[in-house]
Structures are given as structure tokens and as C-alpha cells.
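Thanks for coming. I have one structure to walk through today, and I will keep to what can be read from the model.

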Amino acid sequence: MKQFLFPLFLVSALLGAPAAPAADLRLPPFEAIDVDAQPVGSGDLQSSEQWLLAVVDGGLPSARRFLDALGSKNERFGGNVVVLVLGSQAQFDTLRQAYERLGDLRWLRSQSPTLLGELGLTGVPARIALHPDGRIASRRAGLGRSPDEVARQVRAWVGSTGAVSIDDGQ
């Protein structure tokens, strides 16, 4: 009988124990290079607003599909959207110039082969939504179900500076 009571006591104790609080996940430290070839650390990216880190591989077609989706509603985003391009300087420059119409995005580049893992990402393109204090609100990898979904998620988190008409965007 005692052999039966101990496991029962153990299970009830575990079920009644308060859950440990979830850890505050924060953006891990990393280094990148900005458009002026200056080093930028993840700590330099803090914002007074919610912000989003979008990570794309400059050598993959999915980078363009993601950035096309981001601009699918002809919206413009502010500096609270940071695009981190994994790849060469030429890939970085090509994407940055092709997507100037997205607004005042902050563009960064890295060639670190371990950066995806350091950021806790399983693939690209990816989005990391961050609170002003650097806590991670969510991480998503992939293109989503549709371009509208990608644009809606980004707009819901960081807003946009407005839509440009087809005539203005050309």
C-alpha cells in the first residue's frame, strides 16, 4: 500500500506546485554592419517603441518574396523595422536599393554563419517582434500563408507611416 501512496503523493505534489515563471527572452548580443560600413551591436538597436527585426538571406529568392510581401500594400515603414541581410555587400546593396520604397527601414548586414542559431531562428526569412526594452514578443520564420499576412503582422506590431499610391510609389 505504501508503494502505491508515494507515487500518488509525488504526482499530487507536482501538480499542485506553482509553475516556474517564463524566462524573459531577450535579443541575444550580435554584431552587424550598417549602410555606412560601421559596426552595430544588437544593444544599439533599442527603440522607444515596439520594433521588428526582419532577417533575410540576401542570396535566396525568399528574401525578395518577403520584402515584396512587406510592401504588398504599398506601405512605408519607419526606423522601427530593421532588416538584417545575411550575405555579401553586393547582395545587401542590391536589396537595399530595390526596396527603398518600403520607407526609412534600418538596414544591417552580417556574414556570420552562426547568427541564425544565435538568434534562435530555424530559417529565413524570419521576423522577431521586440518590445522597447529588448524583450522578444514573438519569433516567426517563413513567408506565412500569404503576402497580406506578412504585411498585416508587421503593420500590427510596428504600424506604418502610411500607404503610398501607385503613382507615388513609381
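I will go from the whole chain to the sheet, then to one strand, the cores and a single residue.

This is a predicted model, so please keep that in mind throughout. The chain has 170 residues, and 39% of them count as buried. It holds six helices and seven strands. Reading from the N terminus, the order of elements is α-β-β-β-α-β-α-β-α-β-β-α-α. On the outside, the chain exposes about 9,600 Å², with 55% of that supplied by carbon and sulfur atoms. As for contacts between residues at least 6 apart in sequence, 73% of them join residues at least 24 apart.

Now the sheet. In what order do the seven strands lie? The order is β2-β1-β5-β4-β3-β6-β7, in an open sheet with mixed pairing. At the edges are β2, residues 39-41, and β7, residues 136-141, each of which pairs on one side only. On average, and ignoring direction, neighbouring strands here are turned by 30 degrees against each other.

Two helices deserve a mention at this point. Helix α2, residues 61-70, lies across β3, β4, β5 and β6, and runs at about 150 degrees to β3. Helix α3, residues 89-98, lies across β3, β4 and β5, at about 160 degrees to β5.

Next, strand β6, which covers residues 126-130. Five bridges join β6 to β7, and the two run antiparallel. Within that pairing, Leu130 stands opposite Ile136 of β7. The two strands form a hairpin with five residues between them, and Gly134 in the turn has a positive phi of about 95 degrees. Toward β3, there are again five bridges to β6 and an antiparallel run. There, Ala54 has Arg127 as its bridge partner in β6.

Is β6 enclosed or open to the outside? Five of its five residues are buried, so the strand is largely enclosed by the rest of the structure. Ala126, Ile128 and Leu130 point one way, while Arg127 and Ala129 point the other way. Residues on both sides are buried, and that includes Arg127.

On to the nonpolar cores. The largest has 23 residues, and those with the most contacts inside it are Leu52, Leu67, Val81, Val83, Leu95 and Trp107. Which elements each supply at least two residues of this core? They are β3, α2, β4, α3 and α5, the last being residues 147-158. Helix α2 gives the largest share, five residues. A second, separate core has 20 residues, among them Trp51, Leu86, Leu119 and Leu130. Leu130 is the residue we just met opposite Ile136.

To go back to the largest core, take Val83 as an example. Leaving out residues up to four places away in sequence, Val83 touches Ala54, Val56, Leu67, Leu105, Arg106, Trp107 and Leu108. Two of these names, Leu67 and Trp107, are also on the list of residues with the most contacts inside that core.

Last, a single polar residue. Ser110 is found in strand β5. Is Ser110 buried or exposed? Its relative accessible area is 6%, and buried means under 20%, so Ser110 counts as buried. What does Ser110 touch, not counting residues up to four places away in sequence? Its contacts are Glu31, Leu84, Val85, Leu86, Gly87 and Leu115. One of these, Leu86, belongs to the second core.

That is my last slide.

Notes. Residues numbered from 1 in each chain as written. Predicted model: local features only at pLDDT ≥ 70, side-chain atom pairs only at ≥ 80, totals over all residues. Heavy atoms only, no water. Pairing = 2+ DSSP bridges. Helix = DSSP H or I, 4+ residues; strand = E, 2+ residues; numbered from the N terminus. Axes fitted to C-alpha atoms, helices over the stretch in contact; angles between N-to-C directions. Contact = heavy atoms within 4.5 Å. Buried < 20%, exposed > 50% of the residue type's maximum accessible area, 1.4 Å probe, protein only. Core = buried A, V, L, I, M, F, W, Y, C linked by side-chain atoms within 4.5 Å. Areas by Shrake-Rupley, 256 points an atom, 1.4 Å probe, with all protein chains shown as cover.
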